Protein chains: 2
Amino acid sequence: MQKTVQKRTLKTRARLIEAADDVIERHGYQALRVEDVVQAAGVAKGTFFAHFRDKDALMEYLIGERLVARFDQVEQGPIPRTAPEIANALQPIHSFMTSERYVFDLIIRYSGAAAITEIGPIARCFERYVRLVAGWLETAKVRKDISPDLLAEGVQAFAIQSMSLKFCALHEAESFSDRLEIYLDAWLTPAA
Amino acid sequence: MQKTVQKRTLKTRARLIEAADDVIERHGYQALRVEDVVQAAGVAKGTFFAHFRDKDALMEYLIGERLVARFDQVEQGPIPRTAPEIANALQPIHSFMTSERYVFDLIIRYSGAAAITEIGPIARCFERYVRLVAGWLETAKVRKDISPDLLAEGVQAFAIQSMSLKFCALHEAESFSDRLEIYLDAWLTPAA
DNA sequence: TTTTATTATTGACCGCGGTCATTTTTCAAC
DNA sequence: GTTGAAAAATGACCGCGGTCAATAATAAAA
């Protein structure tokens, strides 16, 4: 029943993550290959999979880590009170999410927790997104006929829509932030 | 410059598609392996890739085909006039999109046209979605302060959000259609 | 019918993610 | 120290998507 973790385990894991970070910094997430990571870390391939279920699990960890950092950053900032301010306040988060097509796809894929059993860091960030925005909306100058939670879920839906369109071959006319602002304005402060 | 297409080309392509359909019917999209398809079609592996850029291209074709059929079906029906009616009218489309996690992921991934150069059937369906809904909204009992096009884009955003949540480990309480109805009501007929 | 250029097919081969029986290392008990 | 059992690391191996130089089939020209 007991499962003592040896000291070298943490060291190996740290080396794998460091190696992966290095590869990504130089070539981006898309280009990461497990074989490169294990070679850079100086371990065998099998070792990698003793530490991460699969390649995606490593990616979820790495991307989740940076995503959390962006949330921390956004939570430090002032509380926005209008639709444009909200769009602007969320910008660091959206900017990272759309920094690479691969990143966006993975985030979307993991946004709803891959498996019932375990909820990963990315899915947790999506919960945090709604909580964060709902908190803002309680005191913001927005419609009050529906709950802040529902409003916040809508903000998330529009943000994802805007981000999707950013990678779209069609619809390249408007910029991402312009589009999001239009959506949020219509959603948060309807005129009729 | 001319590029005459031989007769057997069409035959081979048809055999590949038939074989793929067969595999999918028995085991679902997720389980499709190119090796199985070529074996069932009685051709070499290389032949497959002379007909489809990659596995995803076949999937996009097959899924796009069925998606188009659902759109045709929905366009035959009566024109909905309220938020719940709109949610209900779109149900055949949403139902297919969420029939399998693999299908949903692929549709989302191809919704924004994979490459600038070619816009595939799935991306075209997303355009059609907006056109279809915008057409309905022109005569529907909904807010008139923003354009039907913008409203329709919002409907799409909320539909995707609802579908995502369907595959989500968290948020399993509400059903897909209940959630979509709540969103659309708040989006299309705001009270304040 | 033979020739010839073009188009389609083939299958050995590669890359890379992932597995697992085997070996090596760790660390506590003596 | 020595020993022994659990934990960690290893690397040969597999599955499957995808490539490409070589080959075969086609259809039009001679």
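How many residue pairs are in polar contact between chain B and chain A? The points below take up this count and then the two DNA strands.

1. The model is predicted: local features require pLDDT of at least 70, side-chain atom pairs count only at pLDDT 80 or more, and totals for chains, interfaces and linings use all residues. Residues are numbered from 1 along each chain as its sequence is written, chains are lettered from A and ligands numbered from 1 in the order in which they are written, and side-chain values use heavy atoms, with hydrogens and water left out.

2. Between chain B and chain A, twelve residue pairs are in polar contact, both residues being at pLDDT 80 or more. A polar contact is a pair of N or O atoms within 3.5 Å; within protein, one must be able to donate a hydrogen and the other to accept it, and residues adjacent in sequence count only if both atoms are side-chain atoms. On the side of chain B that touches chain A, the elements giving two or more residues are α7 (101-111), α8 (121-139), α9 (148-166) and α10 (176-188) of chain B. Helices are DSSP runs (H or I, at least four residues), numbered from the N terminus. The largest share of that side, nine residues, comes from α9(B).

3. In this interface, 35 residues of chain B contact 35 residues of chain A (heavy atoms within 4.5 Å). The two chains bury about 2,900 Å² between them, 65% of it on carbon and sulfur atoms; buried area is the accessible area (1.4 Å probe) lost on putting two parts together, summed over both. Zero salt bridges are found across the interface (a side-chain nitrogen of Lys or Arg within 4 Å of a carboxyl oxygen of Asp or Glu).

4. DNA strand C has 26 residues around it, of which A:R33, A:K45, A:K55, B:T12 and B:T47 come nearest (a residue is near a strand if one of its heavy atoms lies within 4 Å of it). Phosphate oxygens of this strand lie 2.6 Å from a side-chain N or O atom of A:R33, 2.8 Å from a polar side-chain atom of B:T47 and 2.9 Å from a side-chain N or O atom of B:H51. With four residues, α3(B) gives the most to the surface near DNA strand C.

5. For DNA strand D, 25 residues lie around the strand, and A:T12, A:A44, B:R33, B:K45 and B:K55 come nearest. Side-chain atoms of A:T47 and A:H51 each lie 2.9 Å from a phosphate oxygen of DNA strand D.
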